[in-house]
Amino acid sequence: MSHKQKLIDGLNEDLNMELEAIIRYVCHAASATGLLGHELREAAKEDLAGELGHAMFLADKIVALGGELDIKPQPPKKHRSAKDMLQEDVAAERAIIDNYIRDIKLAEELGDKGLVIRLEDILAEETDHAEELERLAR
């Protein structure tokens with residue numbers, strides 16, 4: 001498999017993870033209760049626009065690279081408590097951070113400096129978001 005195809009496949013995985021985050025945040029914001037639930041709701045509402053922006057960028061880049069979109073996000077797990085929701089959100093953020101690190105390396109190998117810079121920007125936003133959620137989960 002070529003570097004370009006590996007990158008396209010990785011970006012499709014990232015796209016699905018961003019779409020899953022959007023769905024998960026909507027579900028969590030609607031169903032979280034209590035004080036922690038309120039905090040989770042506010043954090044989710046703040047981050048939804050950013051996640052949507054990431055998804056749009058990834059979809060556009062996949063097509064620009066000559067790839068096809070492979071959209072198949074998984075539904076969120078059902079949780080009873082806001083703490084469990086937060087733990088799922090933190091784990092998902094850490095997983096996508098790992099993916100972006102992988103895809104930055106692939107973009108570097110392909111020589112796509114513009115994509116490297118954009119993915120690094122997204123990586124920084126996701127890292128900030130993960131740290132915010134980790135503080136809430138404490």
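This is a dialogue between a student and a teacher about how to read a predicted model of a protein.

Reader: Where should I begin with the secondary structure, and how many helices and strands does the protein have?

Author: It helps to begin with the elements and then to follow their order along the chain. In this predicted model the protein has 4 helices and 0 strands, and the pattern along the sequence reads α-α-α-α. Helix α1 covers residues 3-31 and helix α3 covers residues 82-110, while helix α2 takes in residues 34-64 and helix α4 residues 113-137.

Reader: What does the radius of gyration tell me about the protein?

Author: The general idea is to set the value beside the one that a compact globule with that number of residues would have. For 138 residues such a globule would have a radius of gyration near 14 Å, and the protein has 15 Å, which agrees. You can add the box that the C-alpha atoms fill, which is roughly 50 × 25 × 20 Å when taken along the principal axes.

Reader: What share of the residues is buried, and what does the accessible surface come to?

Author: A residue is called buried when its relative accessible area is under 20%. In the protein, buried residues make up 43% of the 138 residues. The accessible surface comes to about 7,500 Å², and 55% of that surface belongs to carbon and sulfur atoms.

Reader: How do I apply this to single residues, for instance M17 and M56: is M17 buried or exposed, and what is the relative accessible area of M56?

Author: You compare each value with the cut-offs, where under 20% is buried, over 50% is exposed, and anything in between is partly exposed. M17, which lies in helix α1, has 18% relative accessibility and therefore counts as buried. M56, which lies in helix α2, has a relative accessible area of 48% and so is partly exposed. In helix α4 you find E131, which is also partly exposed, with a relative accessible area of 35%.

Reader: Which residues does M17 touch, apart from its neighbours within four places in sequence?

Author: With those neighbours left aside, M17 is in contact with A92, A95, I96 and N99. This fits into a wider count for the protein, in which 82% of the contacts with a separation of 6 or more are between residues 24 or more positions apart.

Reader: How should I relate separation along the chain to distance in space, and how far apart are E131 and E93?

Author: You read the two numbers side by side for each pair. E131 and E93 are 38 residues apart in sequence, and their C-alpha atoms are 9.2 Å apart in space. For M56 and I104, which are 48 residues apart along the chain, the C-alpha atoms are separated by 18 Å. M17 and K105 are 88 residues apart along the chain, with 19 Å between their C-alpha atoms.

Reader: How many salt bridges are there, and which residue does R24 pair with?

Author: A salt bridge is read from a pair of side chains with opposite charges, by way of their N and O atoms. The count for the protein comes to 8 salt bridges. In one of them R24 pairs with D89, with the closest N and O atoms 2.7 Å apart. This pair links distant parts of the chain, since R24 is in helix α1 and D89 in helix α3, 65 residues apart. Both R24 and D89 are buried, and D89 has 0% relative accessibility. Leaving aside neighbours within four places in sequence, D89 is in contact with R24, Y25, H28, L40 and L133.

Reader: What is the closest N and O distance between E13 and R102, and which residues form a network of salt bridges?

Author: E13 forms a salt bridge with R102, and the closest N and O atoms are 3.3 Å apart. E13 in helix α1 and R102 in helix α3 are 89 residues apart. E13 counts as partly exposed at 38% relative accessibility, and R102 counts as partly exposed at 30%. The network links E13, D14, R102 and D103. Another salt bridge joins K72 and D70, with the closest N and O atoms 3.1 Å apart, and D70 counts as partly exposed at 36% relative accessibility.

Reader: How far apart are the mean positions of the positive and negative charges?

Author: Here you look at the whole set of charges together. The protein has 18 positive and 30 negative charges, and their mean positions are 3 Å apart.

Definitions and conventions: Residues are numbered from 1 along each chain as its sequence is written. This is a predicted model: local features need pLDDT of at least 70, side-chain atom pairs count only at pLDDT 80 or more; totals for chains, interfaces and linings use all residues. Side-chain values use heavy atoms; hydrogens and water are left out. Helices (H or I, at least four residues) and strands (E, at least two) are DSSP runs, numbered from the N terminus. The radius of gyration is taken over C-alpha atoms; the globule rule is 2.2 Å times the number of residues to the power 0.38. Buried means under 20% relative accessible area, exposed over 50%, partly exposed in between (1.4 Å probe, protein chains only). Contact means heavy atoms within 4.5 Å. Accessible areas come from the Shrake-Rupley method with a 1.4 Å probe; for residues, only the protein chains shown count as cover. Lys and Arg count as positive and Asp and Glu as negative; His and the chain ends are not counted. The place of a charge is taken as NZ of Lys, CZ of Arg, CG of Asp or CD of Glu. A salt bridge is a side-chain nitrogen of Lys or Arg within 4 Å of a carboxyl oxygen of Asp or Glu.
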